[in-house]
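Here are my comments on the structure you sent, set out as numbered points. Please read them with the coordinates open beside you.

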Amino acid sequence: MVTFSDIADYRDFLKDYYDRKKVEMPFYSYRMMGDKLGLDSSYLYRVLQKKQHLPAHALPAAKDILALSGREAEYFDLLFSAAVTKDKNKREEIMAKALALRDVDRHSLQAAELKLLENWWIPAVRAYLDLNGGIVNIKQIAREICPPITEAQAQEAIDTLLEVGLVKKMASGRLALTEAHLTVGGPEKRAAIGKFQKQILSLASDSIDELPPEERNISTLTLSVDQACFDDLRDMLREFRRLVQKRVDSAKNTDRVMQLSMAFFPVARKGGVGSADKTEAGVKETK
């Protein structure tokens, strides 16, 4: 299944949906899909072949069968508007808005690259290389990672990054990053990312005692929510992470590597499910 950021024409959403349904149910037809969209089969076929556009009245049904909501639904609407407008300048303006909703480009980790997650300092060293212009000074790297690491660990990090191709040697002898962001997929990789996240959360805990408040920001909220509120807050956290990554991409003259951890988890349940009380519990701490 394609992700919405892979798509530049709204009709590709529909074509991907049809192809997947056809694999799942060989008897699935244009007529069956057209019935859901309020279109006859021949018209739907022309839409999927990009010879026609969806009528505006079919947009809500299309987003419904595609299970698009939030940012994805907005992206779909913008792609539709860009496709049907005849004004070139307007089309470019709409597409710019659509592209702004896309996720940042990510590098998907393969099995051999999971060693990056074995120790927290390996991604930290990678980010540090971007910070210091790719200069490889093992003693300096070991000293300036926070908390400091050994020179052996710094060298291991450099060797690992080179091995998996996430940094490359330049003619000058410096190292350059090959990808801006990392992501992990697949059930077999969840344990690795879980272990890595535990290391990061442990560092966050240690920072409360080891760093002054002006060099960190640790805050907590204890909330009572219902299922709908929980879903909305989880989506808001995802969107916040995307906006953070986009902002970081535009940072100039960077002088530090920061670790941002977001944790949102239950500490009490009513009847085995989330509480229906939407009020804030009123416990907030900021250090």
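1. A search of the whole structure, which is a predicted model, finds zero disulfides. As for individual cysteines, Cys 146 is exposed, with a relative accessible area of 56%, whereas Cys 229 is partly exposed, at 24%.

2. Helix H2, which spans residues 30-37, has Met 33, Gly 34 and Leu 37 among its residues, and these three are buried. Because they cover an arc of only 100 degrees around the axis, they fall on the same side of H2. Arg 31 and Asp 35, on the other side of the helix, are exposed.

3. The partners of the buried residues of H2 are helix H1 (10-24), helix H3 (41-48) and helix H4 (59-65), against which they pack. Leu 37, if its neighbours within four places in sequence are left aside, is in contact with Leu 44, His 57, Ala 58, Ala 61, Ala 62 and Ile 65. After H2 comes Gly 38, with a positive phi near 75 degrees.

4. Met 33 and Leu 37 also appear in the largest nonpolar core, which has 30 residues, and they belong to the group with the most contacts inside it, together with Phe 13, Leu 14, Leu 54, Leu 66 and Phe 76. Two or more residues of this core come from each of H1, H2, H3, H4, helix H5 (70-84) and helix H6 (88-100), and H5 gives the most, with seven residues.

5. Apart from this core lies another one, of 26 residues, which includes Leu 114, Trp 121, Val 167 and Ala 192.

Key
Residues are numbered from 1 along each chain as its sequence is written. This is a predicted model: local features need pLDDT of at least 70, side-chain atom pairs count only at pLDDT 80 or more; totals for chains, interfaces and linings use all residues. Side-chain values use heavy atoms; hydrogens and water are left out. A disulfide is a pair of cysteine sulfur atoms within 2.5 Å. Buried means under 20% relative accessible area, exposed over 50%, partly exposed in between (1.4 Å probe, protein chains only). Helices (H or I, at least four residues) and strands (E, at least two) are DSSP runs, numbered from the N terminus. The arc is that of the directions from the helix axis to the C-beta atoms. Contact means heavy atoms within 4.5 Å. A nonpolar core is a set of buried Ala, Val, Leu, Ile, Met, Phe, Trp, Tyr and Cys residues joined through side-chain atoms within 4.5 Å.
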